[in-house]
Amino acid sequence: MKNAAGSRNIAAVCIFLLFFCTELGLGIYLSHYRDFVYYDAVSRVANAFYVLHSRDPHLGAIGFVWNPLPSLLEIIPLLFWRWIPPLAGAGLAANLLTALFAAGTAVMIFNYCRASIGSPFIATAITFAYACNPFIFLYGANGMSEAMFCFFIVWMIIQFTKWMNRDAPLAPIIMGFALALAFWVRYESIALGMALAFAITAVFLDRRRDSAYILNRARRKNDITSKLEAILTVVLSPAVFSGIAWLLLNYFIMGDALFFFRSGYSNIAFSGNLTDQFREMISTPAGVLWLVLRKSLFFSLPLLAIILVRFIIGYWKRWDTLALVLLAASIPAMQYAMLLKGSSFGWLRFFVYPFVIAVAWMPYELSRLRQSMEVKRVAAVFCLSILLSGFVVLDMKNQELSPDEYETFHIDESGTHKDLVMAKAVSRYINDIIAAEPVHDRPLILTDSYSAYSVLLNTRYPERWVITNDRDFEPALLAPREHGVEYILVSKKIGSVLQIIHETYPDLFDKGAPWATLVRDFDGEWKLFRVTASAPSR
């Protein structure tokens with residue numbers, strides 16, 4: 001027994017190290033050597049950076065639009081920023097985080113497969129088929145929040161299936177915390193939590209028909225209902241309390257409980273930049289449905305494989321089949337509703353979760369098969385469905401349907417790459433301005449951190465920047481000279497998204513102002529002004 005446990009642990013450690021090192025290696029290549037970091041990834045690093053390294057370091061600087069857990073965890077590697085500047089400048093803190101969670105997810109799947117069916121070969125095959133999927137592998141390396149979200153989804157699904165299979169007493173508690181942690185990563189967890197509640201209820205309906213279960217477990221007529229209420233309370237309470245805490249934090253600090261949802265920096269505001277072509281694509285319910293189905297196709301093959309196996313074996317008419325479908329469909333359904341309202345870009349990454357849920361479900365499915373030959377055949381079908389899902393790479397090369405992923409294959413032409421290269425050039429120029437002055441007389445530069453995060457992450461002097469996250473930013477913006485601000489860095493206005501400098505001084509970027517002198521124009525993307533007089537009172 002000890003030898004078997006030891007071999008399992010060695011295998012798990014090897015799998016973790018393999019995927020952590022390869023994922024981090026790709027992340028370092030993309031971010032540090034190719035100057036390619038997704039906007040969402042680097043902006044989360046920036047939020048963590050402001051907490052530690054800014055003129056006004058405080059936890060509230062982490063921001064109230066993004067779910068905060070990724071940035072909170074990125075604070076840890078950023079403690080070493082002074083010695084390893086690329087942790088911030090190249091966003092490597094995010095790549096490190098996603099590599100850890102991607103490797104952790106692979107280990108969870110391997111361990112659950114091994115424990116469920118006892119075959120190290122099948123467990124290894126399913127694990128590698130999942131972790132080497134091009135889409136999964138890319139998002140384990142690129143610093144985005146998807147890898148972390150997938151980790152908590154897999155954890156939750158494993159606990160849910162353990163509870164179904166063995167009525168494990170700790171499973172609901174762990175499920176609840178996994179769902180709550182998922183909420184602190186992405187808002188899609190709300191739809192997933194609702195689906196989980198219905199899935200638990202569906203399983204209880206199945207058990208209610210099981211007379212043996214009732215005989216052994218229910219001593220009173222309402223025991224099933226009471227147990228259902230208790231399970232739902234345990235599972236949903238952490239997520240509900242997390243949601244309430246987030247609303248209260250937004251209310252007390254930002255003055256609006258729904259600041260994360262409807263502020264000028266929110267996803268809804270950013271969705272105002274939808275292209276006319278995309279708006280036409282989602283202008284009808286049928287168009288939205290086709291888009292959702294199109295993007296879900298490659299990610300749904302493992303789910304369809306599970307349902308097909310159930311149909312062939314003859315046990316598809318079960319409540320746990322409904323539970324699986326509800327869980328897998330929850331996030332695409334949420335995307336459908338958001339696309340109908342024009343409040344989502346419908347990125348390809350939003351549709352990967354049915355794939356993740358189905359793979360996490362597979363060990364449970366295999367554990368229900370009794371004959372070893374049957375297990376091997378079904379496992380082969382499952383592995384094939386995961387491998388075929390790898391053809392999602394074809395979608396990733398389609399600029400119209402997958403603009404984010406398309407840039408990964410065309411880095412040199414991508415706007416993401418060009419913006420980061422430009423930001424580094426701006427930061428170097430301002431670093432030289434600051435360094436040229438004596439330490440006690442170095443200037444303050446004011447900017448909007450929403451658009452300037454890549455500039456700020458590449459500065460050597462974060463304490464000389466007055467940014468949106470500072471508690472005295474607004475008075476400094478309204479009266480820069482009086483607050484010691486000597487320079488203002490302004491970016492070109494980006495679509496419909498609020499940028500507070502443009503809102504306060506609408507003509508500054510295009511026409512300048514009598515109280516500020518243009519110092520440098522960075523290819524029409526950025527302009528640096530020197531404050532020479534008091535700005536007009538507003």
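How many bridges join strand β4 (residues 516-522) to β5? Keep that in mind while we look at the whole chain.

Before clicking around: this is a predicted model, where local features need pLDDT of at least 70, side-chain atom pairs count only at pLDDT 80 or more, and totals for chains, interfaces and linings use all residues. Residues are numbered from 1 along each chain as its sequence is written, and side-chain values use heavy atoms, with hydrogens and water left out.

Start with everything shown as cartoon. You'll see 27 helices and five strands, which are DSSP runs numbered from the N terminus (helices are H or I, at least four residues; strands are E, at least two). The radius of gyration is 26 Å, close to the 24 Å from the globule rule for 538 residues, so the chain is as compact as a globular protein of that length. That radius is taken over C-alpha atoms, and the rule is 2.2 Å times the number of residues to the power 0.38. Colour by burial next: 55% of the 538 residues are buried, meaning under 20% relative accessible area (1.4 Å probe, protein chains only).

Now select 526-531, strand β5. Five of its six residues are buried. Add β4, and there's the answer: six bridges, with the two strands running antiparallel. Strands pair here if DSSP finds at least two bridges between them. Show sticks for leucine 518, and phenylalanine 529 in β5 stands opposite. Then zoom to the hairpin turn: three residues separate β4 and β5, and aspartate 523 there has a positive phi of about 55°.

Last stop: select 485-491, strand β3, which pairs with β5 antiparallel over five bridges. Pick valine 490 and find its bridge partner in β5, lysine 527.

Methods: Buried means under 20% relative accessible area, exposed over 50%, partly exposed in between (1.4 Å probe, protein chains only).
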